[in-house]
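Me: Got a model open here. Can you walk me through the packing?

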Amino acid sequence: MSTDVGEQAEPDTPPEPSLFDELTGATAGWRQAIIVPLLAVATALIVGAVILVITDPDLWRVLRETPGDYLAEVWSVVSAAYSALFRGAFGSPRAWSETLVSASPVILAGLSVAVGFRAGLFNIGGEGQIVVGGMLAVLVGIKLTALPFPLLMLAALLGGIIGGGIWGGLAGWLKARTGAHEVITTIMLNFVAFFGSLWLLKTDLYRVPERADPVSQSIAPAARLPRLLTWIDPQLRVHGGIILAVLAAWFVYWLLFRSTIGFEFRAVGFNPDGARYAGMRVSLLYVSVMFVAGALAGLAGADTVQGVLYRGTPAFSAGIGFDAIGLALLGRSHPWGVVLAGLLFGALEAGGREMQASVFIPVDLVQVIQALVIIFIAAPALIRGLYRLRVAEEGPAQLTTGWGS
Amino acid sequence: MTTALTDARAAITVRTPAEIRRARILGILYLVLAGFVYLVFTLGADPGTSASFGLSRPTDAIAVPDATVPVRGFTVLIAVVFVFLGAMQLTRGFDKKANVVLGIVFGLFVLAFLAWAAAGKSFSLVGMLQATLVQAVPIALGALAGVLCERVAVINIAIEGQLLAGAFVGAIVGSASNIWIGLLAAVGTGVALAWVLAVLSIRYRVDQIISGVFINIFALGLTSYLTSRILVEIPDLNNSGRFLPWEIPVLGDIPVIGPVLFNNSIFVYGMFVAVIVLNFALFRTRWGLRARAVGEKPKAADTVGINVYRTRYVNVLLGGVVAGFGGAFFTLGSAGRFDENMTAGLGFIGLAAMIFGRWRPFGALGAALVFGFADSLQGKLAILQTPIPSEFLLMAPYIATIIVVAGLVGRARPPAADGQPYIKE
């Protein structure tokens with residue numbers, strides 16, 4: 001141990017700017033808040049197109065054999081792909097419906113990350129909270145079948161809220177009680193939840209008696225989120241989850257900007273020491289913030305199982321918890337910003353599926369584009385440098401505390 | 001001279017309340033384990049049954065007979081040892097040897113468990129240990145990549161993405177040329193992603209966790225995309241072959257140890273070399289002292305003339321070398337081909353191993369071996385038909401890490417400046 005440098009050293013504590021400000025640069029004004037996200041999305045789509053072009057074997061053949069046609073061919077490939085993307089997202093009532101179906105869970109999960117950012121906590125445990133919330137919602141949906149329609153649906157949603165809330169609150173409690181950094185604990189809890197759900201799906205509690213694979217029984221029809229537009233076309237899958245997401249955004253707006261506890265959340269995010277001196281119970285706030293964040297992610301899990309899958313399956317969280325981080329950044333951690341960003345991500349998902357179906361471009365390209373959006377938002381300097389934007393110098397996006405403190 | 005100094009220091013060491021608490025918790029833990037071993041393993045086995053552990057394989061030069069132990073007697077013995085160690089821990093304490101004792105207790109507990117699980121059957125201990133070592137390779141290399149980065153205060157949660165990208169490029173280049181060039185390309189890929197992490201977090205001072213999340217999603221998306229787009233079309237690009245085990249002459253013939261330690265692929269040897277070299281470099285060289293200074297107190301390091309930015313770049317890129325090598329293990333060391341998302345979270349287990357090993361190379365190796373053991377054990381449990389669900393063993397590394405970060409059994413303390421960008425004034 002004696003070889004360690006500065007064993008007793010305390011980390012420097014400069015005046016701490018809010019994590020939320022640092023991450024999103026939202027204080028830099030409206031122009032900045034709108035132009036950078038737009039350029040980030042556009043740039044990500046352009047980079048996606050470049051990847052599309054250089055990985056297309058046919059285009060390479062064209063370049064070798066008839067280089068004169070190359071640019072025209074590139075244009076036709078890219079425009080075919082992106083018009084399929086657009087068509088799948090907005091081109092028809094069915095496309096709109098699919099966009100909304102994909103948007104609802106990511107909006108809920110994005111709100112979860114946004115609440116954390118506002119309070120200075122980085123919730124990367126969305127995946128685990130989605131799984132726990134979803135599993136509890138499924139359990140309610142297959143066990144309390146005696147309840148009639150709206151009651152059972154609401155009870156299952158409540159299951160999602162409680163399950164996710166407990167899973168998130170656990171990380172908050174660990175931080176408050178022992179100082180364990182929430183990034184580490186939430187990453188670890190993601191895996192605990194994932195393997196736990198794999199085990200549960202094989203137990204008699206969830207399992208379909210005559211099947212061996214890890215898929216749960218179906219939830220009762222009364223537990224489903226009702227489909228909204230089947231009176232227009234029975235194929236339209238859009239369900240009550242999107243209303244739930246908008247209501248949740250409204251609730252988060254009220255919570256953060258109109259309620260006392262929300263004020264305390266933001267105060268802790270702005271300056272934990274200041275909040276403590278002002279008499280706020282910071283430990284309790286960490287637990288409540290993570291409970292609320294977890295509950296929102298758990299609701300995203302309930303939305304997935306009650307709106308689309310109607311049962312529990314392995315890994316039904318499908319990376320939504322990580323997409324949510326990009327969503328919160330893109331939406332500047334503002335509830336309505338998250339809703340808009342969620343519609344964009346939902347459109348990319350729905351469009352990506354159409355792109356795969358009609359022009360055979362793997363849907364994973366959408367994931368690459370989403371990753372690029374995340375980094376262009378988190379590193380506005382990249383975008384500014386690329387487009388020679390002249391804006392007031394803003395603080396870099398960073399977590400002000402390392403994960404030991 | 002030095003020993004006298006150390007002795008003098010030991011004499012004036014005063015145990016902090018946290019240490020005393022930890023010693024008490026450990027003592028109680030040993031006693032609880034003694035009870036557990038007796039109640040579950042001893043009483044759970046039928047009287048008179050015995051378990052046999054295979055100590056050599058049919059192909060070995062020197063055959064060692066199987067070790068057969070009576071389950072009840074063996075587990076009672078272990079329970080008694082636990083009671084003794086627990087009592088010692090509570091009354092006298094082991095001070096500096098506490099961690100060694102903890103390791104011994106863990107090893108004995110595993111043996112008791114195996115004796116119970118294999119009661120009435122035979123079980124290849126050598127095969128198990130070998131599987132553990134192989135399973136530990138990507139975890140340990142991922143953890144070492146993390147150690148290199150975090151010792152200079154750059155948080156690296158992109159290990160998973162680096163491993164995955166390394167595995168992918170290794171498979172493609174290895175198929176197109178040969179596996180050695182494939183290995184080189186995998187290392188290059190690890191370095192390239194490390195460079196992205198370095199530029200984002202050091203130059204642009206982007207939040208390091210977000211940079212890591214970006215690299216993970218990007219690597220997963222791009223490799224999956226390219227797999228469906230190219231590898232499915234051209235299967236010849238996804239058939240690299242792999243490095244075969246190479247037995248070290250003479251050493252490989254030693255019973256038990258030989259087949260486990262000295263008959264492996266270059267990845268296992270590479271892992272040991274990396275751990276030893278890194279441990280020496282970090283704690284015994286000027287380079288290591290400077291790197292650690294940058295991780296603990298960058299401003300002070302800068303004041304005495306250490307180039308903080310360059311030190312960080314160098315370490316993050318070296319981490320990329322190690323992670324790329326670890327990534328190649330998946331394709332060139334194990335499967336011989338690439339599959340979508342084939343790292344399956346092992347990079348995050350590497351992150352856990354780094355924390356569990358307290359940001360030290362040998363600690364990381366130890367943690368990787370424990371986690372690798374849990375992983376290879378869950379494969380064996382189904383064969384032995386124990387009632388323990390394999391998922392519990394799969395989640396064990398993550399729970400263990402939460403326990404360690406929460407400081408319930410000794411606190412893991414990261415470098416002081418971990419995660420904080422440095423701004424030169």
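Me: Are helix 9 and helix 14 of chain A roughly parallel or antiparallel to each other?

Reply: Roughly antiparallel, a label for angles over 145 degrees, and therefore the one that fits helix 9 and helix 14 of chain A. Their axes come within 8 Å and cross at roughly 155°. Axes are lines fitted to C-alpha atoms over the stretch in contact, with angles from 0 to 180 degrees between N-to-C directions. Helices are DSSP runs (H or I, at least four residues) numbered from the N terminus.

This is a predicted model: local features need pLDDT of at least 70, side-chain atom pairs 80 or more, while totals for chains, interfaces and linings use all residues. Residues are numbered from 1 along each chain, with chains lettered from A in the order written.

Me: Which residues of helix 9 of chain A make the contact?

Reply: A:Val246, A:Ala249, A:Val252 and A:Tyr253. Contact means C-beta atoms, placed from the backbone, within 7 Å. Helix 14 of chain A brings A:Pro335, A:Trp336, A:Val338 and A:Val339.

Me: New topic. How many residues of chain B are in contact with chain A?

Reply: 53, against 48 residues of chain A. Helix 8 of chain B gives the most to that side of chain B, with 15 residues.

Me: And what does B:Ala353 touch?

Reply: Leaving out residues up to four places away in sequence, B:Ala353 touches B:Ile139, B:Ala140, B:Ala143, B:Ala364, B:Ala367, B:Ala368 and B:Phe371.

Me: Which helix gives the most to the largest nonpolar core?

Reply: Helix 12 (residues 282-309) of chain A, with 15 residues.

Terms used:
Contact = placed C-beta atoms within 7 Å. Helix = DSSP H or I, 4+ residues; strand = E, 2+ residues; numbered from the N terminus. Parallel < 35°, antiparallel > 145°, perpendicular 65-115°, else oblique.
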